[in-house]
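Here are some notes for a colleague who is looking over this entry. Please read them with the sequence and the structure open.

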Amino acid sequence: MITSMRYVLLVLGIIISLHYILSFSHEEYGRATSLTRIADSFRGSSSERPAVPEVYYRNSTVAPPERKARAAFVILARNGDLQGVLSSMKQMEDRFNKKFQYPYVFLNEVAFTDEFKKYTTEITGSPVSYGLIPREHWYQPKWINEDKAAISRENMVQNQVIYGGSVPYRNMCRFNSGFFYRHELLKDLDYYWRVEPNIRFYCDIDYDPFLYMQDNDKVYGFTLSLYEYEATIPTLWNTTKNFIKEHPETLVKDNGMAFLSQDGGETYNKCHFLSVWSNFEIASLELWRGEAYSKYFEYLEKAGGFYYERWGDAPVHSIGAALFARKEQLHFFSDIGYRHEPFQHCPQGEAHAKGKCWCDINDNFDQEWYSCLKQYDAMFK
């Protein structure tokens, strides 16, 4: 018995030795007899695993709605923002746009890469367009006194003003204030929804905000409202008051001045509807294209405050919307849960349940002392 076992072990040793010799000396034999190959023969290799038949798949999109506004999402982004953009688009698609199928318009001061186009096209079933910003709409104008602008930037850096030393940020503020709505890709649109990288939408949006605004004569919608940094706009309100004195005909009756000022316009309370921290707005392009706002922007442009100070598109848009539209044309989207770090708006009460929201109702910027929502609400009391 012991002798037989010795022969068995000897034979096994010879077989194993031959296997290793052949594995190293004959590549095909090695691949064919590898443990991985043997295991795959039992469970099916990853490369040969059969796909789930198409019959089990279902198109996640629905039929296009019968009625849509002439509208689009507008995203100002750089190629390096790709992952943040994809995150925002996925949020938008899942919460809203799979149902309503509005197009996306991307704008950049340089050409978008093939990679950027590939992934931003793949993530949505809606049309996507890519536009190059004209040089004169983006870069600091040649007539700006650079020495004066540089001194201002340095002073802001010394005073630790956010983006105080950045020229590109000023370019962006100027572009959003007075040029984005002139872009060729937006010429056939009536409304836009501004979308930023790395935002969150906390609730299902089962209605069309564009059509709501169109049917109810709304021209500007927001979710967050707060105070502007005074150090960035020291002369903006005086410049605005001078404009009003020279062009009193531009002010609309029953406007939203009370949102901006508690003393009839003598002083500015620094409130605005969006900021570098939110950048949410759904608005009518005709508001910016109109004669009143066009004159206002040109007046600000000539003053040079976008570069001599750091005028932001948030206060400029907010002042324009409040003065050149009736207060009833401004709308607070209380039912849209939204976050752009570090602030968020979380719908309250029944709206939270109806939207299947997942934000914390206690984490809601409306309740903070530096929210300007109380000024907005006071206009309607």
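**Notes on helix 7, the chain and a pocket**

1. The buried residues of helix 7 pack against two other elements, helix 8 (167-178) and helix 14 (305-308). Please keep in mind throughout that this is a predicted model.

2. The residues of helix 7 that count as buried are Ala149, Ser152, Arg153 and Met156. Seen down the helix axis, these buried residues fall within an arc of 100°, so they line one face of helix 7. An α-helix has 3.6 residues a turn, so residues three or four places apart point the same way. On the other side of helix 7, the exposed residues are Asp147, Ile151 and Gln158.

3. The length of helix 7 is also consistent with its residue count, because the 13 residues (146-158), at 1.5 Å a residue, should span 18 Å, and the end C-alpha atoms are indeed 18 Å apart.

4. Turning to the chain as a whole, 17 helices and 12 strands are assigned, and buried residues make up 49% of its 381 residues. Of the contacts between residues at least 6 apart in sequence, 78% join residues that are at least 24 apart.

5. The second largest pocket holds about 170 Å³ of space, and the residues that line this pocket are Asp204, Ile205, Asp206, Tyr207, Asp335, Ala351, Lys354 and Gly355. Sorted by class, the lining of the second largest pocket comprises 4 charged, 3 nonpolar and 1 polar residues.

Notes: Residues numbered from 1 in each chain as written. Predicted model: local features only at pLDDT ≥ 70, side-chain atom pairs only at ≥ 80, totals over all residues. Heavy atoms only, no water. 1 Å grid on protein atoms, 1.4 Å probe; cavity = no way out; pocket = protein on both sides within 12 Å on 5 of 7 lines; lining within 4 Å. Points joined across faces, edges and corners; volume = space filled by probe spheres on them. Nonpolar A, V, L, I, M, F, W, Y, C, P; charged D, E, K, R; others polar. Helix = DSSP H or I, 4+ residues; strand = E, 2+ residues; numbered from the N terminus. Expected span 1.5 Å × (residues − 1). Buried < 20%, exposed > 50% of the residue type's maximum accessible area, 1.4 Å probe, protein only. Arc of directions from axis to C-beta. Contact = heavy atoms within 4.5 Å.
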